[in-house]
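Dear colleague,

Please find below the structure that I am handing over to you. My notes on what was found in it follow directly after.

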Amino acid sequence: MSSSSKIFAATESGHHLLKIENYSSTKSAFPNGQAVKSHPFSIGGHRWSILYYPNGMNKYFPRYVSLYLVLEERVASPVTARVQLSFAPAAAGEERHLLLPCFPKKTKTAPVKSVERKLGSFGSLGWAEFIERADLEKSRHLVDDSFTLRCEILVINGFRAEGSAPAVPRAFVTVPPSDLGQCLRGLLETGSGADATFEVAGETFSAHRWLLAARSPTFSAELLEQGGVVRVDKMDPRVFKALLVFMYTDSLSLPETTTKQEESSALAQHLLVAAHRYGMERLKLLCEERLCKDIDVGTAASILALAEPLGCRGLKDACFDFLGRSPANLKAVMASDGFAHLSATCPSVLKELVTLGSARRLVQ
């Protein structure tokens with residue numbers, strides 16, 4: 001007996017042209033960190049817009065034009081999108097890059113940026129370093145103080161399998177995924193049957209002692225043995241709420257949008273501390289995984305200062321991997337505000353940094 005089969009993606013694709021007119025005026029009107037949003041457009045059954053930062057998305061990229069694609073709608077499940085952003089052809093016959101099956105190489109004056117990512121409601125993806133303004137202003141793409149961008153989007157709507165394999169017996173009963181997390185979160189949000197009240201920085205939260213005790217014996221021993229309203233010190237209410245949501249749903253709940261990236265990273269750092277404090281190893285690992293994605297020259301020092309004392313080996317290795325990629329990364333981190341705190345609180349980490357070949361040239 002022989003058989004064959006194939007698995008392929010169900011996709012929808014399209015492109016949007018965004019023309020930036022009066023480029024020099026946008027450069028002077030919108031300072032670093034401020035963006036102009038395009039008119040919404042639809043591709044692949046979803047609504048999108050493009051954020052254009054003429055002077056860079058934040059203080060770390062002041063020399064660049066930054067561009068981000070935003071999913072402008074609420075979705076029930078993450079949208080998998082493969083996105084390519086490039087300059088549109090300036091003249092007839094000029095090469096146009098295709099989204100599939102492969103991406104062309106990047107060049108300094110005509111970047112072709114591509115990425116595939118899952119986006120939640122109002123999520124975004126993009127490039128802080130799309131192109132340096134100096135390169136753009138010398139390129140053939142800036143014509144009469146204007147340029148046009150081509151954003152190609154391929155939405156992957158799932159995968160299907162086909163083949164000549166022996167028929168699978170018909171399923172007469174379909175069992176849906178577990179909704180236990182949703183049900184328990186409903187208990188948390190409604191407060192039905194709650195028998196514990198917490199006060200965190202002036203905000204109150206209701207919860208269920210039996211669930212908290214089952215999820216974290218340390219949490220139970222420290223807090224639930226108190227009578228009346230339990231006061232939680234030295235914690236942001238948003239961090240405590242995320243902690244409760246994890247206890248009820250076993251999922252990490254933090255903002256994902258690019259516009260809130262710094263705030264979300266800071267919350268993840270505080271939640272990592274809370275997870276360590278209450279002995280919640282799975283939550284601790286989820287926070288580590290999230291923070292590994294947030295490491296850059298602005299956050300590496302503060303994240304490393306947490307990873308060392310909390311015993312987060314994977315997170316620490318991710319920081320060293322980032323610092324060791326280039327001397328520029330290490331130099332920028334050593335000049336950041338968080339490096340002084342790292343040096344004061346984690347002298348052993350400083351010694352490890354010195355062992356990096358690039359670090360020797362900077363600290364000697």
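The side chains of R150 and H15 are joined by a polar contact of 3.2 Å. R150 belongs to strand β9 and has a relative accessible area of 10%, so it counts as buried. Please bear in mind throughout that this is a predicted model; the values given here are computed from it.

Strand β9 also takes part in an aromatic pair. F147, in strand β9 (residues 147-163), pairs with F87, in strand β6 (residues 79-87). The geometry is edge-to-face, with 5.8 Å from centre to centre and 75° between the planes. The two residues are 60 apart along the chain, and the pair thus links distant parts of it. Both F87 and F147 are buried. They also belong to one aromatic cluster, whose other members are Y23, Y52 and F130. Over the whole structure, the search finds 7 aromatic pairs.

Shortly before this strand comes a residue with a backbone angle that you may wish to inspect. D145, in the loop between α2 (133-138) and β9, is not a glycine, yet its phi is positive, at about 65°. Its relative accessible area is 27%, and D145 is therefore partly exposed. K234 is another residue other than glycine with a positive phi, in this case near 55°. K234 is placed in the loop between β12 (230-232) and α6 (237-249). With a relative accessibility of 85%, K234 counts as exposed.

A second set of polar contacts centres on E72, in the loop between β5 and β6. The side chain of E72 makes a polar contact of 2.8 Å with that of K37, and another of 2.6 Å with the side chain of S49. Leaving aside residues up to four places away in sequence, E72 touches K37, R47, W48, S49 and F122. Is E72 buried or exposed? Its relative accessibility is 18%, and because the cut-off for buried is under 20%, E72 counts as buried. The C-alpha atom of E72 is separated by 9.6 Å from that of S42, a residue 30 places away along the chain.

The loop between β4 (46-53) and β5 (64-71) holds G56. This glycine has a relative accessibility of 0% and so counts as buried. When residues up to four places away in sequence are not counted, the residues that G56 touches are N32, G33, F61, Y64, S66 and R133. One of these, S66, is 10 residues from G56 in sequence, and their C-alpha atoms are 5.0 Å apart.

T26 is found in helix α1 (residues 23-29). T26 is buried, with a relative accessible area of 13%. On the same basis of leaving out residues up to four places away in sequence, T26 touches E21, Y52, P54 and N55. Among these is Y52, which is also a member of the aromatic cluster described above.

Further along the chain, two helices meet. The axes of α9 (residues 300-310) and α10 (residues 313-324) come within 8 Å of each other and cross at roughly 150°. Their crossing is left-handed. Which residues of α9 and α10 meet? From α9 they are A300, I303, L304, A307 and E308, and from α10 they are L315, K316, C319, F320, F322 and L323.

P347 lies in helix α13 (residues 347-355). P347 is partly exposed, with a relative accessibility of 46%. The C-alpha atoms of P347 and A305 are separated by 10.0 Å, while the residues are 42 apart along the chain.

Finally, some values for the protein as a whole. The protein has 14 helices and 12 strands. Of its 364 residues, 42% are buried. Where contacts join residues at least 6 apart in sequence, 69% of them are between residues at least 24 apart. The protein exposes about 20000 Å², of which carbon and sulfur atoms supply 52%.

With kind regards

Terms used
Residues numbered from 1 in each chain as written. Predicted model: local features only at pLDDT ≥ 70, side-chain atom pairs only at ≥ 80, totals over all residues. Heavy atoms only, no water. Phe/Tyr/Trp six-rings, centres within 6.5 Å; stacked < 30°, edge-to-face > 60°. Helix = DSSP H or I, 4+ residues; strand = E, 2+ residues; numbered from the N terminus. Buried < 20%, exposed > 50% of the residue type's maximum accessible area, 1.4 Å probe, protein only. Polar contact = N/O pair within 3.5 Å; in protein donor to acceptor, adjacent residues only side chain to side chain. Contact = heavy atoms within 4.5 Å. Areas by Shrake-Rupley, 256 points an atom, 1.4 Å probe, with all protein chains shown as cover. Axes fitted to C-alpha atoms, helices over the stretch in contact; angles between N-to-C directions. Left-handed = near helix turned anticlockwise from the far one by under 90°.
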